[in-house]
Amino acid sequence: MSLPLRITFEDQDYTYTLITKKIDRETSEIKINLNQEEFTIVRNTNGEWDVIERTISDEPGLLQAIAKNLALRYRLT
């Protein structure tokens, strides 16, 4: 497992780890671990990154911010 990554969202700090080993421009799916839950971020038909396992109790803005952060970090956009 990789080192924890941090993100600040709405004045709160969150830590998540990447489960996916190799990320490059051909990557279409990224798995992360956030708060002991596994989420899968995938590229949709519009080329935008979004989370599959979204529920009402999850913070949708946080998951979208993580997806955007990873896309920028690994230059996937």
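Trainee: Over how many bridges do β3 and strand β4 (residues 37-43) pair, and in which sense?

Mentor: Strands are DSSP runs of E with at least two residues, helices are runs of H or I with at least four, and both are numbered from the N terminus. Two strands pair if DSSP finds at least two bridges between them. Here β3 and β4 are joined by 6 bridges in the antiparallel sense, with K31 standing opposite T40. This is a predicted model, in which local features need pLDDT of at least 70 and side-chain atom pairs count only at pLDDT 80 or more, while totals for chains, interfaces and linings use all residues. Residues are numbered from 1 along each chain as its sequence is written, and side-chain values use heavy atoms, with hydrogens and water left out.

Trainee: What do β3 and β4 form, and which residue in the turn has a positive phi?

Mentor: Most residues other than glycine have a negative phi. The two strands form a hairpin with 2 residues between them, and N35 in the turn has a positive phi of about 55°. Q36 lies in the same loop between β3 and β4 and also has a positive phi, near 65°. At 74% relative accessibility, Q36 counts as exposed; exposed means over 50% relative accessible area, buried under 20%, and partly exposed in between, with a 1.4 Å probe and protein chains only. Another positive phi, near 50°, belongs to E10, which is found in the loop between β1 and β2 and is exposed at 60%.

Trainee: Along strand β3 (residues 29-34), which side chains point to one face and which to the other?

Mentor: The side chains alternate: I30, I32 and L34 point to one face and are buried, whereas E29, K31 and N33 point to the other and are not. On its other side, β3 runs antiparallel to β2 (residues 12-18), with 3 bridges between them; there Y16 stands opposite L34.

Trainee: What is the strand order of the open sheet?

Mentor: The sheet has 5 strands in the order β1-β2-β3-β4-β5, with antiparallel pairing. β1 and β5 are its edge strands, each pairing on one side only. Neighbouring strands are turned by 35° against each other on average, direction ignored; axes are lines fitted to C-alpha atoms, for helices over the stretch in contact, and angles run from 0 to 180 degrees between N-to-C directions.

Trainee: Which strands does α1 lie across?

Mentor: Contact means heavy atoms within 4.5 Å. α1 lies across β1, β2, β3, β4 and β5, running at about 130° to β1. An α-helix has 3.6 residues a turn, so residues three or four places apart point the same way. In α1, the buried residues are L62, L63, I66, A67, L70 and A71, and what covers them includes the five strands β1 to β5. The helix has 14 residues and reaches 20 Å from its first C-alpha to its last, close to the expected 20 Å; the expected span is 1.5 Å times one less than the number of residues.

Trainee: Which residues of the largest nonpolar core touch the most other members?

Mentor: A nonpolar core is a set of buried Ala, Val, Leu, Ile, Met, Phe, Trp, Tyr and Cys residues joined through side-chain atoms within 4.5 Å. The largest one has 21 residues, and Y16, I30, I32, L34, I41, I66 and L70 touch the most other members. β1 (5-9), β2, β3, β4, β5 (49-51) and α1 (60-73) each supply at least two residues, and α1 gives the most, with 6. Not counting residues up to four places away in sequence, I32 touches several residues, including Y16, I41, I66 and L70.

Trainee: Why does T40 count as buried?

Mentor: T40 counts as buried because its relative accessibility is 4%. A polar contact is a pair of N or O atoms within 3.5 Å; within protein, one must be able to donate a hydrogen and the other to accept it, and residues adjacent in sequence count only if both atoms are side-chain atoms. The side chain of T40 makes such a contact with the side chain of K31, at 3.3 Å.

Trainee: Where is the place of T27?

Mentor: T27 is in the loop between β2 and β3. This residue counts as buried, at 10% relative accessibility. Its side chain reaches the backbone nitrogen of D24 at 2.8 Å. Not counting residues up to four places away in sequence, T27 touches K22, R43 and W49.
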